[in-house]
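Student: I would like a close look at one part of this model, with the neighbouring parts brought in afterwards. Could you walk me through it?

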Amino acid sequence: MKLSDVKAELSQLKKITFQLPNGELVPNHFHVTEVGKITKNFIDCGGTLRREEVATFSFGTQTITTTACIPKN
């Protein structure tokens, strides 16, 4: 997915909320200060090639990180 795809999807929403890892919602008056995507390619201890993708969203000093580990075929 490209950034332009994300922006197009977001423009269709009436409301967006972010939930912190502790379950608390980010207050409406906060704004997103940074969005990032990190991709790490590695071999685990069993010799399996893996790709880990991490998305980060920062709200001032609070950062939310979501991770997906995808086995490479």
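**A close look at the loop**

Tutor: Happy to. Let us start at Asn22, whose side chain reaches the backbone nitrogen of Glu24 at 2.9 Å. This is listed as a polar contact, meaning a pair of N or O atoms within 3.5 Å; within protein, one must be able to donate a hydrogen and the other to accept it, and residues adjacent in sequence count only if both atoms are side-chain atoms. Before going on, please keep in mind that this is a predicted model, in which local features need pLDDT of at least 70, side-chain atom pairs count only at pLDDT 80 or more, and totals for chains, interfaces and linings use all residues. Residues are numbered from 1 along each chain as its sequence is written, and side-chain values use heavy atoms, with hydrogens and water left out.

Asn22 sits in the loop between helix 1 and strand 1. Helices (H or I, at least four residues) and strands (E, at least two) are DSSP runs, numbered from the N terminus. Asn22 counts as exposed because its relative accessibility is 58%. The classes are buried for under 20% relative accessible area, exposed for over 50%, and partly exposed in between (1.4 Å probe, protein chains only).

Two other residues belong to this loop. Ile16 lies in the loop between helix 1 (3-11) and strand 1 (34-43), and Ile16 is classed as partly exposed because its relative accessibility is 44%. Ile16 also joins Leu3, Val6, Leu10 and Leu13 in a nonpolar patch on the surface, with about 440 Å² of accessible area together. Patches are made of residues with over 30% relative accessible area and no salt bridge; like charges are joined within 9 Å, and nonpolar side chains (Val, Leu, Ile, Met, Phe, Trp, Tyr) within 5 Å. The areas themselves come from the Shrake-Rupley method with a 1.4 Å probe, and for residues, only the protein chains shown count as cover.

Phe30 is placed in the loop between helix 1 and strand 1 too. With a relative accessible area of 39%, Phe30 is partly exposed. Phe30 and Gly60 are 30 residues apart in sequence, yet their C-alpha atoms are 7.9 Å apart in space.

Now for the neighbouring parts. Arg50 is in strand 2 (residues 49-59), and its C-alpha is 8.2 Å from that of Lys40, 10 residues away in sequence. Arg50 forms a salt bridge with Asp44, where the closest N and O atoms are 2.8 Å apart. A salt bridge here is a side-chain nitrogen of Lys or Arg within 4 Å of a carboxyl oxygen of Asp or Glu. Both partners are partly exposed: Arg50 has a relative accessibility of 23%, and Asp44 has a relative accessible area of 22%.

The structure holds two salt bridges; in another pairing, Glu53 meets Arg51 at 3.1 Å, N to O. Glu53 is partly exposed at 23% relative accessibility, and Arg51 is partly exposed at 26% relative accessible area.

Finally, the whole protein. There are one helix and three strands, following the pattern α-β-β-β along the sequence. Of the 73 residues, 11% count as buried. The accessible surface comes to about 6,100 Å², and 54% of this belongs to carbon and sulfur atoms. Among contacts (heavy atoms within 4.5 Å) between residues at least 6 apart in sequence, 26% join residues at least 24 apart.

As for confidence, pLDDT is the predictor's confidence in each residue, from 0 to 100. The mean pLDDT of the protein is 78, and 81% of its residues reach 70 or more. Among the elements, strand 1 has the highest mean pLDDT (86), whereas strand 3 (residues 62-71) has the lowest (58).
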